[in-house]
Amino acid sequence: QVQLVESGGGLVQPGGSLRLSCAASGRMFSINDMGWYRQAPGKERELVAVITSGGSTNYADFIKGRFTISRDNAQNTVFLQMNSLKPEDTAVYYCFANARLGVSSRLDGYWGQGTQVTVSS
């Protein structure tokens, strides 16, 4: 099984910054894509950013250059640097990873518990 542990969320003022991290652990053969989704109350979960095992990235349009995703493959950890935060960024941010538990296993998706990000004065 794969466990994802998130950290870095909290309360910040508009225009502030936060850095989220998510570490994958447990028995696994390999990890493919990693990334972040977010969900505000009453809204659907939406993609924020994705990074492949080779370092290719994709971002949602609302980011507008404010966020940066990165990963450390040796530590199976993905990061999300968030700058110029706005009140509309307030949401629960969820880490995800696609992984194989064995050399011949299928690729399955795994989720973290989520970390709250609140942007308010």
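1. Trp36 and Cys95 are bridge partners, with Cys95 lying in β9. This is a predicted model. The contact belongs to an antiparallel pairing: strand β4 (residues 30-39) and β9 are joined by eight bridges.

2. Strand β9 spans residues 91-100 and is mostly covered. Eight of its ten residues are buried. Phe96 is one residue to note: its relative accessible area is 8%, so Phe96 counts as buried, the cut-off being under 20%.

3. β9 has further antiparallel partners. Four bridges join β9 to strand β10 (residues 108-111). Here Ala97 is matched with Tyr110 of β10. Strand β11 (residues 115-119) is joined to β9 by three bridges, again antiparallel. Ala91 stands opposite Val117 in β11.

4. How many aromatic pairs does the structure hold? There are three. In one of them, the ring centres of Tyr37 and Trp111 are 5.2 Å apart and the planes meet at 65°, so the pair is edge-to-face. Tyr37 sits in strand β4 and Trp111 in strand β10, 74 residues apart, so this pair links distant parts of the chain.

5. Phe96 and Trp111 form a tilted pair, with 5.9 Å between centres and 50° between planes. Phe96 lies in strand β9 and Trp111 in strand β10, so the pair ties together parts 15 residues apart in sequence. Tyr37, Phe96 and Trp111 make up one aromatic cluster.

6. Are Tyr37 and Trp111 buried or exposed? Tyr37 is partly exposed, at 24% relative accessible area. Trp111 is partly exposed as well, at 44%. Phe96, by contrast, is buried.

7. Arg45 deserves a look alongside the cluster. The charged end of Arg45 sits over the ring of Trp111, 4.7 Å from the ring centre. Arg45 also lies over the face of Tyr94, 3.8 Å from that ring's centre.

8. A separate topic is the open sheet of four strands. Its order is β1-β3-β8-β7, and the pairing is antiparallel. β1 (2-7) and β7 (67-72) are the edge strands; each has a single partner, so one side of each lacks a neighbour in the sheet. From one strand to the next, the twist averages 15°.

9. What holds for β7 and its partner in this sheet? β7 and strand β8 (residues 77-82) pair in the antiparallel sense over six bridges. Phe67 stands opposite Met82 in β8.

How values were computed: Residues numbered from 1 in each chain as written. Predicted model: local features only at pLDDT ≥ 70, side-chain atom pairs only at ≥ 80, totals over all residues. Heavy atoms only, no water. Pairing = 2+ DSSP bridges. Helix = DSSP H or I, 4+ residues; strand = E, 2+ residues; numbered from the N terminus. Axes fitted to C-alpha atoms, helices over the stretch in contact; angles between N-to-C directions. Buried < 20%, exposed > 50% of the residue type's maximum accessible area, 1.4 Å probe, protein only. Phe/Tyr/Trp six-rings, centres within 6.5 Å; stacked < 30°, edge-to-face > 60°. Lys NZ or Arg CZ within 6 Å of the ring centre and 35° of its normal.
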